[in-house]
Amino acid sequence: MPQQDPENRINNFFEVPYGLEEEIAFTEASRCIECAKAPCIGGCPVEVDIPGFIKLILEKDYAGAARKIKATNSLPAICGRVCPQEEQCEVVCVLGKKFKPVAIGYLERFVADYERENDLVQLPEKGPGTGFKVAIVGSGPAGLTVAGDLIKHGHDVTIFEALHKTGGVLVYGIPEFRLPKKIVQSECDYLARLGVDFQTSTVIGKSDTIDELFQMGFDAIFIGTGAGLPNFMGIPGENLIGIYSSNEYLTRSNLMRAFDFPSYDTPIIRGKNVAVLGGGNTAMDSVRTALRLGADNAYIIYRRSETEMPARIEEIHHAMEEGVQFHLLTNPVKFIGNDDGKVIAMECIKMELGEPDSSGRRRPVPIEGSNFVMNVDLVVVAIGNSSNPLIPQTTPGLDTNRWGNIVVNPETMQTSREGVYAGGDIVTGGATVILAAGAGKKAAKAMHQYLLSRKNSIAAGF
Ligand code: FAD
Ligand code: SF4
């Protein structure tokens with residue numbers, strides 16, 4: 001995939017890979033041998049018909065290929081950019097045994113972009129109005145998927161979103177250089193054209209509770225509120241000025257466009273020596289943002305080794321190309337501030353890997369006496385997120401597990417409350433876009449069944 005040069009791209013927020021040219025996409029598609037028992041389909045969490053869509057590329061029916069993907073995954077332009085294909089469909093592609101696997105993700109992106117850029121997105125037929133009203137809380141990939149599926153069945157759909165823009169992590173977390181906002185916006189516009197009503201700047205649990213939504217006449221509710229509560233290290237000095245959670249840092253930069261301050265109102269601290277703590281996608285997005293905001297030194301501080309890093313391989317590779325410095329097997333133990341309460345340094349300790357822990361990964365163990373101090377003027381803590389407790393706290397009878405995630409029936413995504421369904425990160429904890437979208441598909445199916453059964457009960461006079 002052609003891409004912007006690292007020296008240029010660290011000075012802008014434009015998307016890094018340019019996308020495939022038609023000719024290259026065709027050549028890549030022709031590598032697929034259309035396996036009878038295509039293992040790639042099983043590797044995809046939502047079982048996209050991969051050889052089926054690739055065959056349509058070879059017939060030059062690119063919009064048809066996009067529609068084939070959309071039969072099971074409504075967000076191909078997004079998933080083609082951010083899915084970890086290297087661990088899913090591509091890792092099991094038979095060509096990978098001897099050669100490189102088919103670049104399924106690049107092809108997915110190609111057909112979805114072709115369909116959108118050539119105005120070939122068709123609005124599906126909508127079923128006759130059922131009179132049922134569905135409320136969806138949260139407009140991330142889970143909520144958007146439920147909305148798309150239920151509106152097609154003729155239900156009235158309203159999405160309530162706490163932020164002023166829709167898209168969830170896709171707009172406030174993942175930066176423009178990985179996922180342009182206009183792509184997420186076009187997915188939301190498509191739903192609006194289908195008739196989905198978006199109510200932004202509305203925090204359910206504060207403006208109205210789940211029970212109040214029922215009183216307002218909603219017949220079923222989906223909770224897709226994600227995992228947006230940042231975790232912290234809990235070490236001395238963490239409240240110093242210049243220490244952000246990755247949530248705040250990325251939200252300021254992406255959603256509030258702080259990179260364009262003062263044209264936009266939101267300021268952001270632009271560090272020269274920036275340490276980002278963590279090894280996941282959020283950490284890579286934060287450290288690459290810091291470079292684009294003018295850091296001379298941008299460090300990843302991660303307590304395990306590169307093998308255990310949860311970030312996508314492509315993101316680690318891009319970060320390395322851009323000059324990010326990786327301090328692996330290193331963990332901060334305290335932050336040091338100046339008299340103004342600003343962070344100026346960070347004390348770290350070196351780690352080594354011991355026996356595997358409950359996650360199956362080797363546990364990092366501190367090496368006594370290996371402490372050292374790094375000069376930093378900005379720290380971004382990117383060590384994971386937890387579920388926001390607001391809705392469980394304001395919804396009696398809604399069961400959660402010990403991490404605060406909502407408990408659901410995995411077949412139907414139904415919660416412990418009748419008519420209330422949930423899916424995505426609020427159920428699984430921080431996971432992936434495709435898993436959230438897949439949970440949305442499952443929930444939409446069950447919610448439709450539930451509403452049909454209510455219709456039958458009403459018709460029977462119960
Ligand atoms: P979210 O996307 O979190 O959306 C939830 C929405 O609900 C938010 O808009 C929130 O404002 C809203 N909300 C919350 N509470 C309320 C309330 N009370 N009332 C109304 N609205 C509410 N996954 C990948 O597959 N590939 C990647 O490359 C990748 N990179 C990532 C990078 C970052 C920085 C982050 C944070 C995550 C990344 N992920 C990635 C994970 C992925 O984005 C999430 O798994 C996915 O977005 C979860 O979708 P969701 O619909 O469950 O929730
Ligand atoms: Fe094509 Fe690879 Fe899937 Fe086989 S496994 S159908 S070669 S993409």
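**Two ligand shells and two cores**

The residues of the shell around ligand 2 are eleven nonpolar, with no polar and no charged ones.

Trainee: Is this model predicted or not, and which residues are around ligand 2?
Mentor: The model is predicted. Around ligand 2 sit Cys32, Ile33, Cys35, Ala38, Pro39, Cys40, Pro51, Cys93, Val94, Val102 and Ile104.

Trainee: And ligand 1, which residues come nearest?
Mentor: Val82, Glu161, Arg178, Ile204 and Asp425, out of 33 residues around ligand 1.

Trainee: How does that shell divide by class?
Mentor: The shell around ligand 1 has 16 nonpolar, 13 polar and four charged residues.

Trainee: What do the backbone atoms of Val82 and Ile204 lie close to?
Mentor: Nitrogen atoms of ligand 1. A backbone N or O atom of Val82 lies 2.7 Å from one. For Ile204, the distance is 2.8 Å. Asp425 has a backbone N or O atom 2.9 Å from an oxygen atom of ligand 1.

Trainee: How much of ligand 1 does the protein cover?
Mentor: 94% of the 1,000 Å² of accessible area that ligand 1 has on its own.

Trainee: Which element gives the most to that shell?
Mentor: H13, with three residues. Helix H8 (141-152) and H17 also give two or more.

Trainee: Switching topic. Which residues touch the most other members in the largest nonpolar core?
Mentor: Ile136, Val146, Ile210, Leu213, Phe222, Ile223 and Met447, in a core of 45 residues. Helix H17 (residues 433-459) gives the most to this core, eight residues.

Trainee: What other core is there?
Mentor: One of 44 residues lies apart from it, with Ile50, Ile54, Ile104 and Leu179 among them.

Key: Residues numbered from 1 in each chain as written. Chains lettered and ligands numbered in written order. Predicted model: local features only at pLDDT ≥ 70, side-chain atom pairs only at ≥ 80, totals over all residues. Heavy atoms only, no water. Core = buried A, V, L, I, M, F, W, Y, C linked by side-chain atoms within 4.5 Å. Buried < 20%, exposed > 50% of the residue type's maximum accessible area, 1.4 Å probe, protein only. Helix = DSSP H or I, 4+ residues; strand = E, 2+ residues; numbered from the N terminus. Near = heavy atom within 4 Å. Nonpolar A, V, L, I, M, F, W, Y, C, P; charged D, E, K, R; others polar. Polar contact = N/O pair within 3.5 Å; in protein donor to acceptor, adjacent residues only side chain to side chain. Areas by Shrake-Rupley, 256 points an atom, 1.4 Å probe, with all protein chains shown as cover.
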